[in-house]
Amino acid sequence: MSKINRRSFITGAAASLIIPTQGMASPTPWPQIGFDRLWIRNTHGEQLTVTHWNGRSYDPSAVRMLSWLWRDWRDADNAVYIDPRLFTYLANIQTRLSLASREPRQIIMNSGYRTPERNATIEGAAVNSQHILGRACDFNLEGVRPSVVANHAAAYNVPGLGRYRNFTHIDVGPAGRRW
């Protein structure tokens, strides 16, 4: 798990403006949503639309930008590189549910990376949480009930799936965990 900082985020953001990505085609009527991209906002109010997959590999600058969005802004903006497989699961869920509802649905991330110190202050958080490893996301999909989101996540066989009344948790930790 390697840390990132504001400078590496800015460098990655600048590079993404210069380096063209391939495989931009997306079978949706919306430019911000597709199997290769995410349209996401965190509860801190920051949002990002980014293509993270170029058809053959993950785009390193996009992963840096998403990793910065995932940072623990509640704990001094600490950030680590986020496992990009998480972005693929989120993009699949977002795309399928947007297509099903015939309108774009933005992901609202409630919790991404957490420092171990902050994780220890959260009631009910697992000591070995995938959040502290940069492999988890608690989120909502705008206008979609969490139970519907969780059912779609289960259909994609996400490794870790938590069903909560007000949000859905997915992670790319060890496979087969459900709660």
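## A mixed sheet, a covered helix and a pocket

Strands β7 (residues 160-163) and β9 run parallel and are joined by 2 bridges. One of the residues involved is L161, whose bridge partner in β9 is R178. Keep in mind that this is a predicted model.

L161 also has a partner in β8, namely I170. Here the pairing changes sense: β7 and β8 are antiparallel, with 4 bridges between them. A hairpin of 4 residues takes the chain from β7 to β8. On to β6 (residues 136-141), which pairs with β8 in the antiparallel sense, again over 4 bridges. In that pair, D138 is matched with H169 of β8.

Here are the three strand pairs side by side.

| Strand pair | Sense | Bridges | A bridged residue pair |
|---|---|---|---|
| β7 and β9 | parallel | 2 bridges | L161 and R178 |
| β7 and β8 | antiparallel | 4 bridges | L161 and I170 |
| β6 and β8 | antiparallel | 4 bridges | D138 and H169 |

So where do these strands sit in the sheet? The sheet is open, has 7 strands in the order β3-β2-β5-β6-β8-β7-β9, and its pairing is mixed. At the edges are β3 (47-51) and β9 (177-178), each of which pairs on one side only.

What about the two faces of β8, buried or exposed? In a regular strand, side chains alternate between the two faces of the sheet. In β8, T168 and I170 lie on one side, H169 and D171 lie on the other, and all four are buried.

Now for the pocket. The largest one holds about 410 Å³ of space. It is lined by 21 residues, and the closest to its centre are R114, A126, S129, H131 and H169. Two elements give two or more residues to this lining: β5 (107-111) and β8 (168-171). By type, the lining splits into 6 nonpolar, 8 polar and 7 charged residues. H169 thus turns up in three places: it is the bridge partner of D138, it is buried in β8, and it is among the residues closest to the pocket centre.

Away from the strands, take a look at helix α2 (residues 60-69). It is mostly covered, with 9 of its 10 residues buried. Among them are R64, M65 and W68.

Zooming out, the chain has 5 helices and 9 strands, in the sequence pattern β-α-β-β-α-β-α-β-α-β-α-β-β-β. Of its 179 residues, 49% count as buried. The accessible surface is about 8,800 Å², and 55% of that belongs to carbon and sulfur atoms. Of the contacts between residues at least 6 apart in sequence, 60% join residues at least 24 apart.

Methods: Residues numbered from 1 in each chain as written. Predicted model: local features only at pLDDT ≥ 70, side-chain atom pairs only at ≥ 80, totals over all residues. Heavy atoms only, no water. Buried < 20%, exposed > 50% of the residue type's maximum accessible area, 1.4 Å probe, protein only. Contact = heavy atoms within 4.5 Å. Areas by Shrake-Rupley, 256 points an atom, 1.4 Å probe, with all protein chains shown as cover. 1 Å grid on protein atoms, 1.4 Å probe; cavity = no way out; pocket = protein on both sides within 12 Å on 5 of 7 lines; lining within 4 Å. Points joined across faces, edges and corners; volume = space filled by probe spheres on them. Nonpolar A, V, L, I, M, F, W, Y, C, P; charged D, E, K, R; others polar. Pairing = 2+ DSSP bridges.
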